[in-house]
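Good morning, everyone. Please look at the screen while I talk you through one protein.

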Amino acid sequence: MERNIFDRNTILKQLETNDIWDVIVIGGGATGLGIALDSVTRGYKTLLLEQSDFAKGTSSRSTKLVHGGVRYLAQGNVDLVKEALFERGLLLKNAPHLAKNQSFIIPNYSWWNAIFYTTGLKVYDFLSGKLSLGKSKFISKSKALQRIETIKRNKLKGGVVYQDGQFDDARLAVNVAQTCLENGATILNYIKVNGLIKNSNKIINGVIASDIEKNKTYSIKGKAIINATGVFVDNILKMDKSSNKNLIRPSQGVHLVLDKTFLPGNDAIMIPKTDDGRVLFLVPWHGKVVVGTTDTLLKEHSLEPIALEEEINFILSNANAYLTKKVTRKDVLSIFAGLRPLAAPKDGTEKTKEISRSHKILTSDSGLISVIGGKWTTFRRMAQDTIDNAIKAGLLIEKECVTKDLKIHGAKETKDRSNHLYVYGSDQKGILDLIAESPELAETIHPNTHFLKAEVVWAAKYEMARTVEDILARRARLLFLDAICAIQSAPVVAKLLAKILDKNSDWEKKQIREFVKIADYYVLDKTEPSFHVQ
């Protein structure tokens with residue numbers, strides 16, 4: 001039987017048998033996974049350690065857009081937009097099963113806005129160059145109403161249509177992790193870095209990390225140690241030097257998920273100026289509609305941030321200002337909050353709209369490399385810059401970056417997206433093979449969802465899923481689509497997972513309890529009678 005390179009015990013053996021690594025990446029979100037992929041494909045011996053699950057934090061809680069950023073163009077940040085549009089084009093080519101071309105409509109309620117956005121988006125088209133996804137254009141009021149049935153008619157002049165990218169963030173993270181493993185990297189979730197090792201010259205040459213599942217501690221030596229922990233970047237910097245000032249100011253972004261009836265067509269809506277000047281998106285995603293986001297500066301960070309009441313009201317009121325079908329709290333199927341790791345401004349600026357989204361790479365006196373800021377769209381470029389930085393610092397022998405044309409695990413052109421299994425790309429066959437071997441795996445995990453039992457088995461065997469939450473939040477995405485349905489699916493998932501991971505009934509019960517506790521944050525209307533595990 002062929003060795004399963006995605007099996008945790010197989011991966012752990014690599015950790016135990018390697019004496020020294022070229023690159024140790026701390027953090028398994030978009031930034032860390034991108035760096036690990038860039039590193040291993042250049043030929044460096046690469047290790048990545050993630051304290052929780054891949055993309056558990058910010059990287060699974062985005063607006064699901066791969067975009068240049070129309071807002072940044074309005075701010076005059078042309079270089080950032082140009083770089084992001086180039087990377088958007090690469091991602092749509094390298095992960096076509098997860099990233100796709102999405103049409104957006106900006107509804108115009110004044111002729112001045114119609115002229116302003118039609119002109120501005122022509123610049124956006126121009127900056128995308130050869131990797132353009134299609135030309136923007138103005139459409140009449142009647143065409144706009146045809147395409148967006150639920151948009152308010154009163155004073156509507158028309159709309160501007162433009163093309164941008166859309167994707168599944170957490171599934172991309174999982175596929176990037178698989179690509180790393182296939183290229184020879186050692187990638188592990190649920191291994192927490194607790195300390196940094198330094199030589200007699202106070203230069204970092206390793207990490208101390210513990211396997212959360214086995215309660216086992218490792219002392220791991222490496223040449224280049226990279227801190228890619230997003231909003232947790234300061235925690236690692238303080239391990240290096242306890243007097244280090246905070247470099248990150250977390251900004252919270254909240255999203256509400258609604259039924260498709262609120263936006264029945266194929267187009268997304270982009271509202272360029274809400275009542276406080278921010279952008280609001282309504283985007284079709286996996287048969288639902290994602291509405292967001294907010295931009296709230298916080299003093300603290302956590303793995304499970306909670307939406308503030310004013311953020312919920314902001315999204316509801318602004319969505320209702322444009323939709324004919326009124327959105328109430330009872331209509332919200334899931335609510336999720338993510339923290340953007342923004343570089344803390346030196347001048348004390350409090351307006352998050354004015355804090356740069358571009359990434360920064362810092363090298364400490366000890367040789368620790370830290371990556372700050374950035375976004376999913378530019379994750380490949382951030383990784384290239386980070387490894388180039390490690391080479392310039394003399395930590396690695398020079399080798400060329402090869403990720404521009406590198407296909408991500410599962411890459412397959414997918415025009416027909418009617419079957420939800422399309423997100424697996426070339427792995428779809430593997431799931432169908434599981435069903436052929438065990439026909440009962442063709443059953444869904446809940447009557448109200450299309451997710452199959454076979455997907456749970458696949459996630460545990462080949463996608464490094466270790467918990468019920470890993471599966472329902474970041475492999476099948478059900479927690480983000482319908483939180484109550486996810487809660488009610490937990491016992492079925494726990495039973496399947498326990499069998500594969502060889503766990504007992506006590507573990508099952510504990511998994512269900514822990515998942516329900518987390519999923520509670522994703523339920524907005526807790527008066528719903530079905531808000532319990534069946």
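I will go from overall shape, to the core, to two single residues.

A word of caution before we start. This is a predicted model.

Let's take the whole protein. It has 534 residues, and 59% of them count as buried. The secondary structure comes to 16 helices and 18 strands. Put a box around the C-alpha atoms, along the principal axes, and you get roughly 70 × 55 × 40 Å.

How does the radius of gyration fit a compact globule? For 534 residues, such a globule would have a value near 24 Å. The protein has 23 Å, so the two agree.

Now the contacts. Take those with a sequence separation of 6 or more. Residues 24 or more positions apart account for 71% of them.

On to the outside. The accessible surface is about 22400 Å². Carbon and sulfur atoms hold 52% of that area. As for charge, count 76 positive side chains and 60 negative ones. The centres of those two sets lie 4 Å apart.

Next, the inside. The largest nonpolar core has 116 residues. Which residues have the most contacts inside it? They are L49, L172, I187, V207, I220, L479 and F515. Helix 15, residues 483-501, gives this core its largest share, with 12 residues. Apart from that core lies another one, of 31 residues. I148, V161, L263 and I335 are among its members.

Pick out L172 for a moment. Leave aside residues up to four places away in sequence, and L172 touches L91, A95, L98, F167, W376, F379 and I408.

Now R477. Find it in the loop between helix 13 (468-475) and helix 14 (478-481). Is R477 buried or exposed? It counts as buried, because its relative accessibility is 1%, and the cut-off for buried is under 20%. What does R477 touch, again not counting residues up to four places away? The list is S60, K64, D168, D169, A170, R171, W285, I471 and L472.

Last residue: K288. You will find K288 in strand 14, residues 288-292. Follow K288 across to L481. In sequence, these two are 193 residues apart. In space, they are 6.9 Å apart, C-alpha to C-alpha. K288 also touches L481, with the residues up to four places away left out of the count. Its other contacts on that count are V257, L258, D259, K260, V283 and L333.

That's my tour. Thank you.

Key
Residues are numbered from 1 along each chain as its sequence is written. This is a predicted model: local features need pLDDT of at least 70, side-chain atom pairs count only at pLDDT 80 or more; totals for chains, interfaces and linings use all residues. Side-chain values use heavy atoms; hydrogens and water are left out. A nonpolar core is a set of buried Ala, Val, Leu, Ile, Met, Phe, Trp, Tyr and Cys residues joined through side-chain atoms within 4.5 Å. Buried means under 20% relative accessible area, exposed over 50%, partly exposed in between (1.4 Å probe, protein chains only). Helices (H or I, at least four residues) and strands (E, at least two) are DSSP runs, numbered from the N terminus. Contact means heavy atoms within 4.5 Å. The radius of gyration is taken over C-alpha atoms; the globule rule is 2.2 Å times the number of residues to the power 0.38. Accessible areas come from the Shrake-Rupley method with a 1.4 Å probe; for residues, only the protein chains shown count as cover. Lys and Arg count as positive and Asp and Glu as negative; His and the chain ends are not counted. The place of a charge is taken as NZ of Lys, CZ of Arg, CG of Asp or CD of Glu.
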